[in-house]
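This report describes the folding pattern, the nonpolar interior and some local features of one chain. Please read it with the sequence and the model in view.

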Amino acid sequence: MFFVLELDCSNGSKLALVADRPEDFASQLVGCGDFDSLRLIEGLGPHYTIDDALRAALNGSDAALVAVLANPAIVIDPEMPLRLGRALLEAPDPATVGVITGKGTDRWGNRFSAFYASAEPQLPFCRTPVPVTDSASDLFILARPLLERLLARGALPPVESLAGWAVLEGYLEGCVSYHSPHLAAGIYGRHLPRQAEAHADILQDLIGKRVVRTSVAALDGTVTLGGVPERGQDTRDWHLNPRADLDRQMTSAILPHCRRMSLSIVTRTQFSRPHLLRRLLASLSRWRSDDLDLEVVLSTDIDRARAEAELAALRIDFPALTLVLAWNGARAERSRVRNLLGGIKAATQDYVAFVDDDDHVHFQALTILSTTRFLGTMPVVFMDTELRKEGWVQAGDGRWVLDSATAHHRYPAGGWRNMFGGVNQLPICAGILPRDWVVSQVGRFDFRHDYSEDFTLFLLLLQSADLPLILDVPRPFCIVSIRSDGSNTVTEEDRSGWVKDISMFLHDLHIVNSLHGEGRLQTVIECRTPRLADAPPVPLPASNPLRRELAVARAENEALRARLADLELQAYARERAEAPAAG
């Protein structure tokens, strides 16, 4: 049955609550000092729906926000009223809020949960409010203005789809929804089950006819909503009833709640590839966002007079950009590292990113970054990196012209999860990082070598004790140019210098350096992959095709055996967790 309650918060505000609880719930509250701030408004019998309970909450309380505890398995612990009050203190104006959730996914597919379900255990980790595009219905908060409008339309969808639907309806009305770590709770059992296909059908039925075709990240996968006119279809309805662009609606709702992003792009350069450097600056000038402050730090160790002359010429050609020179002394050993650290030191904006002078920025990257500082937070952002093989030719007048460009490889933003596997998964341009935090970390380590400085930098940062929340944004930030003309260090055939430097860097970082506990490092390395990582590797191909096929089959058989053992252990652990307690 549903109980309707009201919570008096410490700041004087109120929160209405609708809770699906057992019949003896009211008696549990009587005489319990931990729940003195809760007042029972009404109890509704089993024949009432959640629609009725929400209407009762609006009628019985004038609170601006309504909390919904739709999962009867949620444990109401003595500190829950305090956490709910903290969620209210953090909340923006209710007129601009849709849903505040304890479990959701952001528009890039990152999932965040403040719940611990005994039958589906997962460790919570996020202490940062993050905008979401989907929400679980176990425990969430609805803003009163949005709830009133939704109830006025008629019956609500099933409870398991209610929160996710309200999130999208809110965005269509300009209201932001976000994950709050204060909505933490234990669940004695499982989360509310939600069938993915049925949920997608509900969203398409209730929202699809009002939006252009788009894909939305959800907790159980990507949901495709909306449509486009088909060939031969009468399009008059499309013109008379225009569809909303849901993605733009999300950006418009999120942006007012974000602190303005300010970004320093550090570009290490010798000014020896002017056509490539100018392409980079042209991309930044062309695709800069009105919602982002940008400066470009040209970090170099060539002759200072020549560097200042180059800077002056570029300022004339790119007046819309703020160009800064970081001169790091006469060129010597460790040029890559000196220009990297010198550029970080010279940067003045809140965030710093690194783009080499032969690469350029994707046309959507800066606009995407403008919505990352939600409610003033400062997350670490990783974005995808595209590699393109390029061919350049010199025209008769001496100008360099791009002759060919072919997609070669894409490094995903989520590669940071595999960084402790021994192979660098993040190009230097993948990270958009809080500058003050980066400065505090690099100041604790002596970068004594040169090659693989990007791998070393990211390993250092990822082990930081005060590492901020990491956001994966699976959209390209930088386009990396791969050329075979000898001007790319990454195309060098002799990699012995790289191996030498990375082995020495790793020795300094993990053996000599005492910044991080030995067990801490052991933990991240040993836990980087599941148990299947211990399966035998595939042997080198044999010369005989039949023997090669046999070797691969044996390796696959061993991997399947390891997988089967892993599943058996999981099943045994689940059976023990679900077994009734002895006695």
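## Nonpolar cores

A nonpolar core is taken here as a set of buried Ala, Val, Leu, Ile, Met, Phe, Trp, Tyr and Cys residues that are joined through side-chain atoms within 4.5 Å. In this predicted model, the largest such core has 75 residues, of which Leu 15, Leu 17, Leu 54, Ile 141, Leu 225 and Leu 246 touch the most other members. Helix 5 (residues 159–172) supplies the largest share of this core, with 8 residues. A second core, separate from it, has 39 residues, including Trp 108, Leu 281, Ile 302 and Tyr 351. In soluble globular proteins, nonpolar side chains tend to be buried together.

Leu 17 may be followed through its contacts beyond the four nearest places in sequence on either side: Leu 17 is in contact with Phe 3, Val 4, Leu 5, Glu 6 and Leu 7, and also with Leu 38, Ala 67, Leu 69 and Leu 84. Leu 7 appears again in the surroundings of Gly 85, which is found in helix 3 (residues 80–90). Once neighbours within four places in sequence are set aside, Gly 85 is in contact with Leu 7 and Cys 9; the C-alpha atoms of Gly 85 and Leu 7 are separated by 8.3 Å, although these residues are 78 residues apart along the chain. Gly 85 counts as buried because its relative accessible area is 8%, which is under 20%.

## Overall organisation

The chain contains 17 helices and 25 strands. Of its 583 residues, 49% count as buried, and the accessible surface comes to about 28,500 Å², with 52% of that area belonging to carbon and sulfur atoms. Among contacts with a separation of 6 or more, 78% are accounted for by residues 24 or more positions apart.

## An aromatic cluster

The structure holds 7 aromatic pairs. In one of them, the rings of Phe 445 and Phe 447 have their centres 5.0 Å apart and their planes at 85°, and the pair is therefore edge-to-face, since that angle is over 60 degrees. Phe 447 also pairs with Phe 505, where the centres lie 6.0 Å apart and the planes meet at 70°, so this pair too is edge-to-face. The second pair links distant parts of the chain, with Phe 447 in the loop between helix 13 (435–442) and helix 14 (453–462) and Phe 505 in helix 15 (residues 496–512), 58 residues apart.

Phe 445, Phe 447 and Phe 505 form one aromatic cluster. Phe 445 is buried at 8% relative accessibility, Phe 447 is buried at 2%, and Phe 505 is buried as well.

## Two loop residues with positive phi

Ser 452 lies in the loop between helix 13 and helix 14. Its phi is near 60°, a positive value in a residue other than glycine, and Ser 452 counts as buried, with 10% relative accessibility. Leu 375, in the loop between helix 12 (365–369) and strand 22 (380–394), has a phi near 50°, which is likewise positive in a residue other than glycine. Leu 375 is partly exposed, with a relative accessible area of 31%.

## The second largest pocket

The second largest pocket has a volume of about 870 Å³. It is lined by 22 residues, of which Phe 125, Trp 416, Leu 467, Pro 468 and Ile 470 are the closest to its centre. Strand 8 (111–113), strand 25 (470–482) and helix 16 (518–526) are the elements that give two or more residues to the lining of this pocket.

Definitions and conventions:
Residues are numbered from 1 along each chain as its sequence is written. This is a predicted model: local features need pLDDT of at least 70, side-chain atom pairs count only at pLDDT 80 or more; totals for chains, interfaces and linings use all residues. Side-chain values use heavy atoms; hydrogens and water are left out. Rings of Phe, Tyr and Trp (its six-membered ring) pair if their centres lie within 6.5 Å; planes under 30 degrees apart count as stacked, over 60 as edge-to-face and the rest as tilted. Buried means under 20% relative accessible area, exposed over 50%, partly exposed in between (1.4 Å probe, protein chains only). Helices (H or I, at least four residues) and strands (E, at least two) are DSSP runs, numbered from the N terminus. Contact means heavy atoms within 4.5 Å. Accessible areas come from the Shrake-Rupley method with a 1.4 Å probe; for residues, only the protein chains shown count as cover. On a 1 Å grid over the protein atoms alone, a cavity is a set of points where a 1.4 Å probe fits but cannot get out, and a pocket is an open set with protein on both sides within 12 Å along at least five of seven lines; lining residues have an atom within 4 Å of a point. Grid points are joined across faces, edges and corners, and a volume is the space filled by probe spheres set on the points.
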